[in-house]
Amino acid sequence: MINSVITSKSSSYMCLKKITLMVVIFLMSFCQVLAIDIDKISYTLNTDTRTAIVTGCQNGVSILKIPHEVTNNGETFIVTEIGKSAFSGNTSITSVSIPSTVTIVNNGAFYTCRSLKEVRLEDGNEPIAFGYSYSGYYGSNPMFYYSPIEKVYIGRNITWYGEYYVPSPFKGKETLKEANIGETVTTLPQNCFENSAITKISIPNSVISIGDYSFSGCKSLSNVIFEDGDNELSLGYHQYTKQVFSGWEDVKVGLFYDAPLTSVYLGRDLKFSYRPFMSQDDLTDLTIGSNVTDISSISDLPIESITIPASVKAIK
C-alpha cells in the first residue's frame with residue numbers, strides 16, 4: 001500500500017516536471033534571446049520584443065556609433081539599452097554616439113573607459129536614464145567618472161533609473177571644455193556640469209528648468225547665452241557651507257555664484273529663488289533681448305550703461 005502511494009506521487013511529480021519542461025520549451029520557441037556580433041558591436045537580441053541590448057564591442061574600435069536598429073536573418077531589432085558593464089575597461093573607444101532609441105545606460109557601462117573623450121546623446125523626445133559608474137561605501141560615481149571627457153552634445157533629457165538618485169553622468173568632469181545642448185532638451189538635471197571646465201554655454205529656448213548645482217565649481221565659465229524665446233526659464237541654486245559662531249551653516253546663493261562671468265546674453269525671462277548673477281563683479285557685458293519682460297535677475301550688477309528694450313515691464 002505504502003509502495004503504491006510512493007509510486008503514485010513519484011509518477012505525478014515526473015508528469016508535472018515533463019509538463020513544466022514542455023511549457024518552457026514552448027515559451028522559448030516564441031521568445032529567444034540571442035547573442036550576436038554585428039559590425040563589431042555585440043548585442044543580445046530579444047525575438048519576442050524585437051529589441052536589442054548592446055553588450056560590448058570588439059577590441060580596437062575607436063569611434064563607436066551605436067545604431068538605432070540592427071537586422072538579423074531579415075528581422076529588425078530596435079536598440080533600446082546599453083547593458084551592464086558593456087564597455088567596462090575598454091581603452092580603445094575615444095568617442096561614442098548614443099541613438100535616441102536607447103533609453104537606459106546600465107550600471108558600469110563605461111567604467112574605466114580611460115580614452116573616452118567625446119559623448120554624443122542624439123536628439124530625441126524620450127529621456128535617457130543613466131546608472132552609475134561604480135557604487136561603493138561612499139556612494140555612487142557618475143557614469144563617466146573615470147573617462148577624460150572633453151566634449152559633449154546633449155540632445156534630450158537626462159535622468160537616472162533605479163530607486164536611488166544617481167548624479168548627472170557629466171558631474172565632476174574637470175576635463176570637460178565644450179558642452180552643446182540640442183533644441184529638444186527641456187531640462188538640465190541637478191549637477192549637470194558641476195566642476196567642469198566649460199568656458200561658454202548656450203541655453204536653447206526649449207530648456208525650461210536647470211537643476212541645482214548645475215554650474216557649481218565652473219571656474220572657467222565666462223560666457224552664458226540664454227537664447228531668445230517666450231518660455232520662462234526656472235533656475236536652481238548653488239549652496240556652500242560657511243563657519244559661524246555656533247558651528248557650520250548652509251548658504252544658498254545664485255546658480256552661477258562660482259562662475260567668473262564676463263558676458264551674458266539674456267534672451268528671455270528667468271525665474272529664480274536666488275539671484276543667478278550674485279557677486280558677479282566682472283560681469284560688464286550684458287545684452288537684453290526683445291522678448292524679455294522682467295530684468296530683476298540682473299539687479300546689483302556693476303554695469304555702467306545698458307539698453308533696456310521696450311518689452312521690459314518689470315525692474316525690481
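In this predicted model, Glu75 is partly exposed, with 32% relative accessible area. Its side chain pairs with that of Arg50 in a salt bridge, the closest N and O atoms being 3.3 Å apart. Arg50 is likewise partly exposed, at 33% relative accessible area. Glu75 belongs to strand β6, whereas Arg50 sits in the loop between β2 (41-46) and β3 (51-57), so the salt bridge ties together parts that are 25 residues apart in sequence.

The structure holds 3 salt bridges, and the Glu75 pair is one of them. Another joins Glu122 to Lys65, with 2.9 Å from N to O. Here Glu122 comes from the loop between β9 (118-121) and β10 (128-130) and Lys65 from strand β4 (residues 63-65), so parts that are 57 residues apart in sequence are tied together. The two partners sit in contrasting surroundings: Glu122 counts as buried because its relative accessibility is 10%, while Lys65, at 55%, counts as exposed.

A similar contrast appears in the salt bridge between Asp258 and Lys219, whose side chains meet at 3.6 Å, N to O. Asp258 is in the loop between β22 (247-254) and β23 (263-266), and Lys219 is in the loop between β18 (209-210) and β19 (223-226), so this pair links parts that are 39 residues apart in sequence. Asp258 has a relative accessibility of 18% and therefore counts as buried. Lys219, in turn, counts as exposed because its value is 57%. In general terms, side chains of opposite charge can pair when their charged atoms come close.

Attention now turns to the nonpolar interior. The largest nonpolar core contains 71 residues, and those touching the most other members are Ile82, Phe110, Phe193 and Phe215. Phe110 offers a convenient view of the packing. Leaving aside residues up to four places away in sequence, Phe110 touches Ile82, Phe87, Val96, Val105, Leu116, Met143, Phe144 and Ser147. Ile82 thus appears both among the core residues with the most contacts to other members and among the neighbours of Phe110.

The cysteines come next. A disulfide is a covalent bond between the sulfur atoms of two cysteines. A search of the whole structure finds 0 disulfides. For Cys113, the nearest cysteine sulfur is that of Cys57, 8.4 Å away, and Cys113 is in no disulfide. Cys113 counts as buried because its relative accessibility is 0%. Cys192 is also in no disulfide, the nearest cysteine sulfur being that of Cys218 at 9.4 Å. Cys192 counts as buried as well, again because its relative accessibility is 0%.

Beyond the cysteines, Gln280 is a polar residue worth a look, placed in the loop between β24 (270-271) and β25. With a relative accessibility of 3%, Gln280 counts as buried. Residues up to four places away in sequence aside, the contacts of Gln280 are Phe256, Tyr257, Ala259, Pro260, Leu261, Leu301 and Pro302. One of these contacts, Leu301, is found in the segment after β25. Leu301 is buried, with a relative accessible area of 14%. Under the same sequence exclusion, Leu301 touches Phe277, Gln280, Leu283 and Leu286. Leu301 and Ser279 are 22 residues apart in sequence, yet their C-alpha atoms are 7.9 Å apart in space.

The segment after β25 also includes Ile306. Together with Ile308 and Ile315, Ile306 makes a nonpolar surface patch of about 260 Å². Ile306 counts as partly exposed because its relative accessibility is 36%.

Finally, the backbone has two points of interest. Most residues other than glycine have a negative phi. In Ser85, however, phi is positive, near 60 degrees. Ser85 is in the loop between β6 (75-82) and β7 (95-98), and at 38% relative accessibility Ser85 counts as partly exposed. Asn191 likewise has a positive phi, near 70 degrees. Asn191 lies in the loop between β16 (187-188) and β17 (200-203). Unlike Ser85, which is partly exposed, Asn191 counts as buried because its relative accessibility is 5%.

Methods: Residues numbered from 1 in each chain as written. Predicted model: local features only at pLDDT ≥ 70, side-chain atom pairs only at ≥ 80, totals over all residues. Heavy atoms only, no water. Core = buried A, V, L, I, M, F, W, Y, C linked by side-chain atoms within 4.5 Å. Buried < 20%, exposed > 50% of the residue type's maximum accessible area, 1.4 Å probe, protein only. Contact = heavy atoms within 4.5 Å. Patch = residues over 30% accessible without salt bridge, like charges linked within 9 Å, V, L, I, M, F, W, Y side chains within 5 Å. Areas by Shrake-Rupley, 256 points an atom, 1.4 Å probe, with all protein chains shown as cover. Salt bridge = Lys/Arg side-chain N within 4 Å of Asp/Glu carboxyl O. Helix = DSSP H or I, 4+ residues; strand = E, 2+ residues; numbered from the N terminus. Disulfide = S-S within 2.5 Å.
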